[in-house]
Amino acid sequence: MHLSEAGQNHATPIPRYLRSALRAMAGWEWPTIGLFLAVVLIWAVAVLLTSGGVSLILLVLALTLHSSLSHEFLHGGPFRSVRAGTMLGLIQPGLFVPYLRFKALHLEHHQDSRLTDPYDDPESNYLDPDRWEQLPRWHRRVLMLNNTLAGRMLLGPLVGMGAFLRDDLRLIRAGHAEVRRHWLLHLPGVVVTLLVVAWSPLPVWLYLVACYGALSVLKIRTFLEHQAHARASGRTVVVEDRGLLALLFLNNNFHVVHHVHPQLPWYRLPGVYAARRDKFLRRNHGYVYRSYAEVFRRHLFSAKDPVAHPLWRGSQD
């Protein structure tokens, strides 16, 4: 018998459970996993630093990326396991939005036939015109300012979180057990995060400023993701940007691609868009910006559209 044959006869077979694990790991989205670990490291470094300005910048970057990663988790990445995604997303260092509540509302938002609906799209920034007319003058002025990009970044987190908390408290008081459960599962992560920050050199108030800053950056993405349009296919934008903001948003600026293929991981969105650019732009009726620089130039102090839904016909209960 040759030595090579002897070696083959005595080779230890790979156990079945290990083969299954290796096959599963081969299907994991490793760029997403690597980015998640990098974000955790950046967050930890920022909290441990004693330089307030540097910590603030790093925290805004890390918290913005973490929110974008949470969006990946709720769509099934990086493990294609609902339980694993929940475990990764449940602790939200950005503090303000429970992961499970975000998931429930965002998946409702993905019913494209309801996009921008003032009642049925939970991420709509439009109001029923009848409701708009009933608002006090000061409230309308705030919402009009909120419809400029500068206003959305400065006031948007406050306006958005105020409406979000108001609606969820109303649901909890009405006995919605699922909404209450989502908040109760969120609170331990908030406590743990604040305890870690309290024990670090970083002032808690500065951490809260960073959380607000991350929400402000995220408002740049959501500012014009959707527009009122007679056809559902014409309501979702593309911003053809590949810079820092596109990275922080994990390429969700190619938003029409995401709505057509919501399970597609972030690092594949630009390639799919580039391969079928004309098709996507026909689909969304040319709702496209060349870059975020164009978005800032056109809308920093000028509203993209009205607060009252311009195509709304009739109110709903």
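How many cavities of 30 Å³ or more does the count come to by this rule? I put this to the model, which is a predicted one, and the count comes to 2 cavities.

**Entry 1, the largest cavity**

I began with the largest cavity, for which I noted a volume of about 70 Å³. Its lining consists of 14 residues, and I wrote down Glu72, His75, Pro262, Leu264 and Pro265 as those that lie nearest the centre. Sorting the lining of the largest cavity by class, I found 6 polar and 5 nonpolar residues together with 3 charged ones.

**Entry 2, the second largest cavity**

I then turned to the second largest cavity, whose volume I recorded as about 30 Å³. Which residues line the second largest cavity? I listed Asp112, then Ala232, Ser233 and Thr236, then Val256, His259 and Val260, and lastly Arg283. Helix α14, which covers residues 255–260, supplies 3 residues and with them the largest share of this lining. By class, I entered 3 nonpolar, 3 polar and 2 charged residues for the second largest cavity.

**Entry 3, the second largest pocket**

Leaving the cavities, I looked up the second largest pocket and noted that about 270 Å³ of space lies in it. Its lining is made up of 14 residues, with Val40, Trp43, His66, Ile91 and Pro93 lying nearest the pocket's centre. Asking which elements give two or more residues to this lining, I arrived at α3 (30–48), α4 (52–74), α5 (82–89) and α11 (177–199). Of these, α3 gives the most, and I counted its contribution to the lining of the second largest pocket as 4 residues. How many charged residues does the lining of the second largest pocket have? I found no charged residues there, the lining being divided into 12 nonpolar and 2 polar ones.

**Entry 4, valine 82**

Since helix α5 had come up in the pocket lining, I also looked up valine 82, whose place is in that helix. Is valine 82 buried or exposed? I entered valine 82 as exposed, because its relative accessible area is 60% and the cut-off for exposed is over 50%. As a last lookup I took the separation between valine 82 and alanine 214, which stand 132 residues apart along the chain, and for their C-alpha atoms I noted 26 Å.

Methods: Residues numbered from 1 in each chain as written. Predicted model: local features only at pLDDT ≥ 70, side-chain atom pairs only at ≥ 80, totals over all residues. Heavy atoms only, no water. 1 Å grid on protein atoms, 1.4 Å probe; cavity = no way out; pocket = protein on both sides within 12 Å on 5 of 7 lines; lining within 4 Å. Points joined across faces, edges and corners; volume = space filled by probe spheres on them. Nonpolar A, V, L, I, M, F, W, Y, C, P; charged D, E, K, R; others polar. Buried < 20%, exposed > 50% of the residue type's maximum accessible area, 1.4 Å probe, protein only.
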